[in-house]
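Here's a quick back-and-forth for anyone who likes to ask why a label was given. Have a look at the chain before reading on.

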Amino acid sequence: MIKKLSLCALSVLAALPVGTVAFAADGDMQLQQVLMLSRHNLRAPLADNGSVLEQSTKKSWPQWDVPGGQLTTKGGVLEVYMGNYTRQWLAQQGLVKNGSCPDSNNVFVYANSLQRTVATAQFFVNGAFPGCDVAVTHQDEMGSMDPVFNPVITDDSEAFNKKALAAMAAANEKLSLKPAFQRLEKIVDYKASPACNNKKQCDLSSGQNTFSAENGKEPGVSGPLKVGNSLMDAFTLQYYEGFPLDQVAWGQIKTPEQWKELSAIKNGYQDALFTSPDVSREVAAPLVDYIRSQLVDQDKANAPKITLMVGHDSNIASLLSALQVKPYELPDTWEKTPIGGQVVFERWHDAKNDKDLLKVEYVYQTADQLRNADVLSLKNPPKRVTLQLAGCEADANGYCSWDQFSQVLNAALQGTPMQPAAAPQPAAQADDDSAKAAATQDAAANKAEADKATAAKEKSDADKAAADKSDADKAAAEKAKADKAAADKAAAEKAKAEKAKADKAAAEKAAAEKAKADKAAEEKAAAEKSKADNAAESASDNKATTDKADAAKAPATTKDDNSTSAAVATQ
């Protein structure tokens with residue numbers, strides 16, 4: 001058997017109550033499956049210059065190397081370290097092997113479709129499985145919230161709206177944040193801020209908060225709680241990023257006590273909006289349903305051994321509340337849901353009793369590990385704090401029954417759109433035979449309901465996938481037809497243009513050759529005519545000369561003839 005090593009056992013044992021159910025010792029335990037729900041790592045402030053931060057003070061804010069809300073370069077490095085440590089821990093537990101890539105069917109990575117969540121998942125994979133072909137799954141449309149990770153209200157009834165607003169207001173009343181707001185006002189010099197000058201909102205410590213729970217939107221608030229959350233978020237991120245201390249909150253947060261006091265504003269914002277029971281069950285339902293599908297509904301022999309989901313602090317806060325996780329403390333950090341922290345659901349097999357058990361741990365880098373960019377390893381690990389679920393009784397080592405965990409997941413979905421029908425609850429007395437029978441019946445009813453919901457969801461997904469494929473095939477066929485028609489038309493027009501060009505060239509060549517021939521013939525005829533004219537003129541001139549010569553010779557001949565005749569007569 002693989003021996004389980006509890007890295008923080010000594011630090012958490014004192015905080016864990018002893019359960020009534022005795023489980024096997026660690027030496028009999030084998031890790032079989034993990035699902036890690038992680039918050040993205042270090043990002044630039046969401047409320048960057050030009051929004052809440054700029055309106056809250058006249059002071060200048062430091063510049064970041066990325067736009068607001070995006071993962072920073074250091075955030076990527078920190079996540080590589082977390083991935084590398086996680087690989088070492090998984091190998092130690094026997095879930096992966098060092099020096100080789102995991103089977104692609106054994107690792108599944110799924111991120112919300114925002115830059116900081118997808119990038120976090122990619123850096124984690126690079127740290128955990130460098131050089132391995134491990135894909136990061138996310139919906140195609142980047143910049144929009146994936147429904148699984150989107151903590152929005154889906155109940156549009158007036159009754160729910162009233163209940164949610166009352167719960168958020170009640171949570172706000174318990175916060176006792178006036179001293180923290182007074183300190184924050186001094187740090188930013190809020191009375192000189194544009195918000196005070198322009199909107200006459202000059203007092204954070206006694207200002208009023210207005211909550212909202214609108215259908216299709218995240219729970220919201222306006223007023224000092226929103227302003228304070230934005231400011232403390234920016235200061236905390238400055239500290240993690242490693243800005244010089246005289247630039248972090250302009251050097252005005254000097255002690256751990258001051259950080260703790262001021263961070264209560266940010267934690268209070270999260271608690272008020274996302275952790276009241278009615279609101280948390282509503283907004284976390286898609287996430288709970290997905291986790292159930294991965295850990296309970298699937299055959300564990302075929303399910304991925306390692307699943308990483310990357311979302312947001314609102315996802316973790318609402319999920320822990322919906323699952324009724326008992327109050328917890330995270331040492332050496334100021335945040336209840338730290339940057340880059342993971343809620344790790346672990347399925348362990350108890351070989352001695354042949355049963356599956358659950359352990360839930362919060363694994364996170366401390367504030368100083370984040371600021372100093374400490375390299376993580378088994379020798380320098382992040383913090384590991386065991387969490388406990390109210391409906392899943394744990395032993396001193398943090399293990400509880402896997403069957404009880406399944407019931408916790410089902411109970412968290414009752415009354416939500418994921419599982420609207422209420423199911424009977426198990427009997428309270430486990431040692432009573434009739435109660436056991438009732439509990440078994442309830443469990444069967446719950447499972448049947450869960451199976452029914454899962455089947456309906458799968459059918460709906462399959463129908464949608466088939467419809468999408470049909471639409472896609474039709475669109476592809478129409479596009480191919482249009483492309484072919486366009487190509488044929490273009491080819492015909494090209495051929496026509498080339499033929500017209502060739503015909504024009506041939507006509508121009510023929511015309512040029514004819515003009516050349518006509519000119520040659522004309523020049524030849526003119527030459528022959530000129531030659532003939534010259535010949536005729538020469539002949540005329542010769543004749544005239546001859547005639548003149550003859551005319552001049554005729555009289556002399558007559559005289560000679562007379563003389564000759566006289567001489568003949570006297571002999």
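**Why the labels fit**

Trp-250 sits in the loop between H8 and H9. The model is predicted, so every label below is a reading of computed coordinates.

Q: What makes the phi of Trp-250 stand out?
A: Trp-250 has a positive phi, about 55°, and it isn't a glycine. Most residues other than glycine have a negative phi. Gln-324 is another non-glycine residue with a positive phi, about 60°, and its place is the loop between helix H11 (313-322) and strand E7 (342-350).

Q: Why is Trp-250 called partly exposed?
A: Its relative accessible area is 22%. Buried would need under 20% and exposed over 50%, so at 22% Trp-250 counts as partly exposed.

Q: How do you know that the span of helix H5 agrees with its number of residues?
A: H5 covers residues 158-173, which makes 16 residues. At 1.5 Å a residue the helix should span 22 Å, and its end C-alpha atoms are 23 Å apart, so the two agree.

Q: What makes one face of H5 the buried one?
A: Phe-160, Ala-164, Ala-167, Met-168 and Asn-172 are the buried residues. Looking down the axis of H5, they fall within an arc of 135°, so they line one face of the helix. On the other side, Glu-158, Ala-159, Lys-162 and Glu-173 are exposed.

Q: What covers the buried residues of H5?
A: The cover includes strand E4 (210-212) along with three helices: H8 (224-241), H9 (256-274) and H10 (277-297).

Q: Which residues have the most contacts inside the largest nonpolar core?
A: Leu-184, Leu-231, Phe-235, Tyr-240 and Trp-259 do, in a core of 49 residues. Two or more residues each come from H5, helix H6 (178-188), H8, H9, H10 and helix H12 (367-372). H8 gives the largest share, nine residues. As a general point, nonpolar side chains in soluble globular proteins tend to be buried together.

Q: Which residues does Phe-235 touch, leaving aside its neighbours within four places in sequence?
A: Phe-235 is in contact with Trp-61, Leu-184, Ile-187, Val-188, Val-248, Ala-249, Trp-250, Ile-253 and Trp-259. Trp-250, the residue with the positive phi, is one of these contacts.

Q: Which residues does the second, separate core include?
A: That core has 39 residues, among them Val-148, Val-288, Trp-402 and Phe-405.

Q: Why is the pair Asp-313 and Arg-39 called a salt bridge?
A: Their side chains come to 3.7 Å, N to O. The cut-off is 4 Å, so the pair qualifies. The count by this rule comes to 15 salt bridges.

Q: What makes this pair a tie between distant parts of the chain?
A: Asp-313 lies in helix H11 and Arg-39 in strand E1 (residues 29-39), so the salt bridge ties together parts that are 274 residues apart in sequence.

Q: Why are Asp-313 and Arg-39 called buried?
A: The limit is under 20% relative accessible area. Asp-313 has 19%, so it counts as buried. Arg-39 has 0%, so it is buried as well.

Q: How do you know that Arg-39 also has a salt bridge with Glu-335?
A: The N to O distance is 3.1 Å, and the cut-off of 4 Å is therefore met. Glu-335 is in the loop between H11 and E7, 296 residues from Arg-39 in strand E1. Both residues are buried. Arg-39, Lys-266, Asp-313 and Glu-335 are linked in a network of salt bridges.

Q: What makes Lys-383 and Asp-332 a salt bridge?
A: The closest N and O atoms are 3.2 Å apart, so this pair too is within 4 Å. It joins strand E9 (residues 383-387), home of Lys-383, to the loop between H11 and E7, where Asp-332 lies, 51 residues apart. Lys-383 is partly exposed, with a relative accessible area of 26%.

Q: Why is E9 called mostly covered?
A: Four of its five residues are buried. E9 pairs with strand E8 (residues 355-364) in the antiparallel sense over five bridges, and Tyr-364 stands opposite Lys-383.

How values were computed
Residues numbered from 1 in each chain as written. Predicted model: local features only at pLDDT ≥ 70, side-chain atom pairs only at ≥ 80, totals over all residues. Heavy atoms only, no water. Expected span 1.5 Å × (residues − 1). Buried < 20%, exposed > 50% of the residue type's maximum accessible area, 1.4 Å probe, protein only. Arc of directions from axis to C-beta. Contact = heavy atoms within 4.5 Å. Core = buried A, V, L, I, M, F, W, Y, C linked by side-chain atoms within 4.5 Å. Pairing = 2+ DSSP bridges.
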